[in-house]
Each structure stands twice: as C-alpha cells, then as structure tokens.
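Hi,

Here is the structure I said I would pass on. Have a look at it first, and then read my notes underneath.

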Amino acid sequence: MIINITDLLMSDEDIKEVNSYLDMKSIVIEDIEYFFEDKIKINIKLYNLDDAEIEIIGHINAKIKMPCSRCTEYFIKDLDFHFNRTAHLNDIDAIEQEPITDERDIFIDEFNIDINQLICDEIIINFPMKVLCKEDCKGICNNCGCNLNNEKCNCESLDIDPRMAVFQDILKKF
Ligand SMILES: [Zn+2]
Ligand SMILES: [Zn+2]
C-alpha cells in the first residue's frame with residue numbers, strides 16, 4: 001500500500017488519516033519466517049510539520065503465529081502497539097546528487113509513503129523476543145522433554161533443588 005502525501009503537503013489541512021487492513025502473508029525476523037493469522041489492522045495519522053517533516057502516529061494490531069518461549073508450541077500472539085516517528089522528506093535536488101543514507105526513512109520516497117515497508121519496520125522494532133502461550137505455561141520437562149501443559153511425567157523428583165534433595169534423602173530413612 002502506497003500513500004501519496006502530496007495533498008497533505010499542498011493543502012491547508014495538516015493531517016491525513018489512514019484506516020485500513022494490510023494483507024501480508026508473513027514477515028522474516030532474524031532468519032525466521034512468522035506467518036500472520038489475519039489481516040493487519042492499521043490506523044495511521046500523518047501530520048505535516050514544518051521543515052519538510054512528517055510526523056507519523058500509528059496503531060497496529062496483528063495476529064502472528066509464533067512459538068512459546070517456554071513450551072515451544074505455536075500459538076497466535078496478538079501484537080498490538082502504538083508507534084510514533086518522524087519522517088524527513090527528501091529534497092528532490094538532493095536525491096539526484098547523493099544516495100539516501102538514512103535507513104530509517106527508507107519507506108518514504110519523494111511524496112510516497114510505502115505503508116507495508118513502514119509497518120514491517122515497526123513490527124520488527126516491536127517484535128517480542130519472549131512470549132508465553134499462556135501466563136502459567138508449565139513448559140517442557142528438562143528431563144524427558146514432554147510438554148507439561150498436556151501431560152504429566154514421572155521426573156518430578158529430579159526437579160528438586162539439590163539442597164532439598166539432601167533433606168528428602170534424610171526423610172526417606174525414617
Ligand atoms: Zn507455552
Ligand atoms: Zn519428564
């Protein structure tokens with residue numbers, strides 16, 4: 001999705017709002033491909049600031065399939081966040097002379113904003129590194145590898161703190 005901001009720059013109106021759904025299949029973050037479960041809901045407000053700057057205030061809601069950090073089972077993570085950034089409009093004369101060096105503004109090309117690029121950028125920045133399928137996820141047994149949310153194993157005694165194990169040995173003698 002490309003948004004042209006010429007009207008925002010030319011008119012007296014200093015705000016342009018975009019409410020939409022982006023249809024993206026997946027996103028690659030650190031060599032891992034994550035799939036979106038649904039369309040990405042976006043709300044973006046563009047403000048025309050002085051000095052060739054556009055302030056972008058956005059809200060993103062995406063549903064991503066990702067593995068639980070504790071039990072490794074895939075689940076659908078609701079990614080919901082706000083972002084705020086300022087984009088610098090490129091001086092057209094300057095573009096012809098030198099390549100764009102500021103990577104953060106790569107989504108903006110003259111008077112077009114590449115919304116998909118911007119949203120991907122923001123999802124990468126806001127991507128949670130540790131997620132749990134549920135708050136009280138029991139994880140995986142360190143000993144036999146079973147998912148403790150679904151089954152019980154008999155490794156329990158091995159999980160005991162060594163100091164407690166000594167105590168347990170003493171108890172066994174009685
Ligand atoms: Zn889990
Ligand atoms: Zn076990």
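What percentage of the 174 residues in the protein chain is made up of buried residues? The answer is 12%. Bear in mind throughout that this is a predicted model.

First, the layout. The protein chain has 4 helices and 9 strands. Reading from the N terminus, the order of elements is β-α-β-β-β-β-β-β-α-β-β-α-α. As for contacts in the protein chain with a separation of 6 or more, 53% of them are between residues 24 or more positions apart.

Now to β6, which turns up in several of my notes. This strand covers residues 53–67, and its pairings go like this:

- With β4 (residues 32–36), β6 pairs in the antiparallel sense over 2 bridges. Phe 35 has Lys 65 of β6 as its bridge partner.
- With β5, the pairing is again antiparallel, and 9 bridges join the two strands. Here Lys 45 sits opposite Ile 57 of β6. The two strands make a hairpin with 3 residues between them, and Asp 51 in the turn has a positive phi of about 60°.
- With β7, there are 15 bridges, also antiparallel. Lys 65 comes up again here, standing opposite Ile 76 in β7. This hairpin has 6 residues between the strands, and Thr 72 takes a positive phi near 70°.

Next, the nonpolar core. The largest one has 16 residues, and Ile 40, Ile 42, Ile 56, Ile 60, Ala 62 and Ile 119 are those with the most contacts inside it. Two or more residues each come from β5 (40–49), β6 (53–67) and α3 (115–126). The largest share, 5 residues, is from β6. If you want to see how the helix residue Ile 119 sits among the others, look at its contacts beyond four places in sequence: Leu 22, Ile 40, Ile 42 and Ile 60.

One residue you may want to click on is Lys 77, which is found in β7 (residues 74–88). Is Lys 77 buried or exposed? Lys 77 counts as buried, because it has 20 C-beta neighbours inside 10 Å, and 20 is the number at which a residue is called buried. Setting aside neighbours within four places in sequence, Lys 77 is in contact with Ile 64, Met 66 and Val 131. You can also check Lys 77 against Glu 37: the two are 40 residues apart along the chain, and their C-alpha atoms are separated by 9.1 Å.

There is also an open sheet of 3 strands, in the order β1-β9-β8, with antiparallel pairing. Both β1 (2–4) and β8 (108–109) are at the edges with a single partner strand each, so one side of each is left without a neighbour in the sheet. Between β8 and β9 (residues 112–114) there are 2 bridges, and Ile 108 stands opposite Ile 113 in β9. The helix α3 lies across β1 and β9, running at about 45° to β9. That same helix, α3, is one of the elements that give two or more residues to the core described above.

Let me know what you make of it once you have had it open for a while.

Cheers

Notes
Residues numbered from 1 in each chain as written. Chains lettered and ligands numbered in written order. Predicted model: local features only at pLDDT ≥ 70, side-chain atom pairs only at ≥ 80, totals over all residues. Contact = placed C-beta atoms within 7 Å. Core = buried A, V, L, I, M, F, W, Y, C linked by C-beta atoms within 7 Å. Pairing = 2+ DSSP bridges. Axes fitted to C-alpha atoms, helices over the stretch in contact; angles between N-to-C directions.
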